[in-house]
Amino acid sequence: MSRIGKLPIKIPEGVTVDVDKNNIVTVKGPKGELTQAVKGGVEIKVEDGQVTLIRPDESKHQRSMHGLYRSLLSNMVEGVSKGYKIELELVGVGFRAEAKGQMLELSIGYSHHIYFEMPSEVKVEAKTEKRSNPFVTLESCDKQLIGQVAAKIRSLRKPEPYKGKGVKFVGEVLRRKAGKSAASV
């Protein structure tokens, strides 16, 4: 039995989980609504305030699908009840970020500004204080989407290993290299 797949998912107050005949799961909560199609014969049962997943046999493919869909459904339940938040930090002289509705304007060391349009499910907020680096905060109920958007923003200027300049996640530990002068000593 899959260690992850066999764990039941507790449904918090204010969240509803519906499964239709085509095995499409819809999770509704205070933060939004998410849907996920469950394929591969995995059966979903919603009873007593819990969601349990049952696989039809013990093949390797079924075992992997069992754990995968359990994790996806757990992330959906947590997303619509609590939501997800990712913070990015812009490290560099003259780096700026400004949010105008669903448009994020970045000035990250290129000769031009970068305009990044956010999906409608993701809320963006840019905060700049004097004497500190600008921060971009992303909030959404969809863990996959917010992670993809954050990774795309980070890929616009990845942190370099010598001075650490670039777009990085808050709390991310960067591997730093010594420069030429330190290496020749």
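**Legends: a four-stranded sheet and its chain**

**View 1. The open sheet and its edges.** In this predicted model, four strands form an open sheet in the order β11-β12-β7-β13 with antiparallel pairing; strands are DSSP runs of E with at least two residues, numbered from the N terminus, and two of them pair if DSSP finds at least two bridges between them. Because β11 (123–127) and β13 (166–169) each have a single partner strand, they stand at the edges, and one side of each is left without a neighbour in the sheet. Residues are numbered from 1 along each chain as its sequence is written. Local features need pLDDT of at least 70, side-chain atom pairs count only at pLDDT 80 or more, and totals for chains, interfaces and linings use all residues, while side-chain values use heavy atoms, with hydrogens and water left out.

**View 2. The pairing of β11 with β12.** Five bridges join β11 to strand β12 (residues 135–140) in the antiparallel sense. Within β12, V136 is the bridge partner of A126.

**View 3. Helix α2 on the sheet.** Helix α2 (residues 143–155), a helix being a DSSP run of H or I with at least four residues, packs on the sheet and touches β7 (84–91), β12 and β13, where contact means heavy atoms within 4.5 Å. The direction of α2 makes about 5° with that of β7; axes are lines fitted to C-alpha atoms, for helices over the stretch in contact, and angles run from 0 to 180 degrees between N-to-C directions.

**View 4. The chain around the sheet.** The secondary structure of the chain comprises three helices and 13 strands, and the C-alpha atoms fill a box of roughly 60 × 45 × 25 Å along the principal axes.
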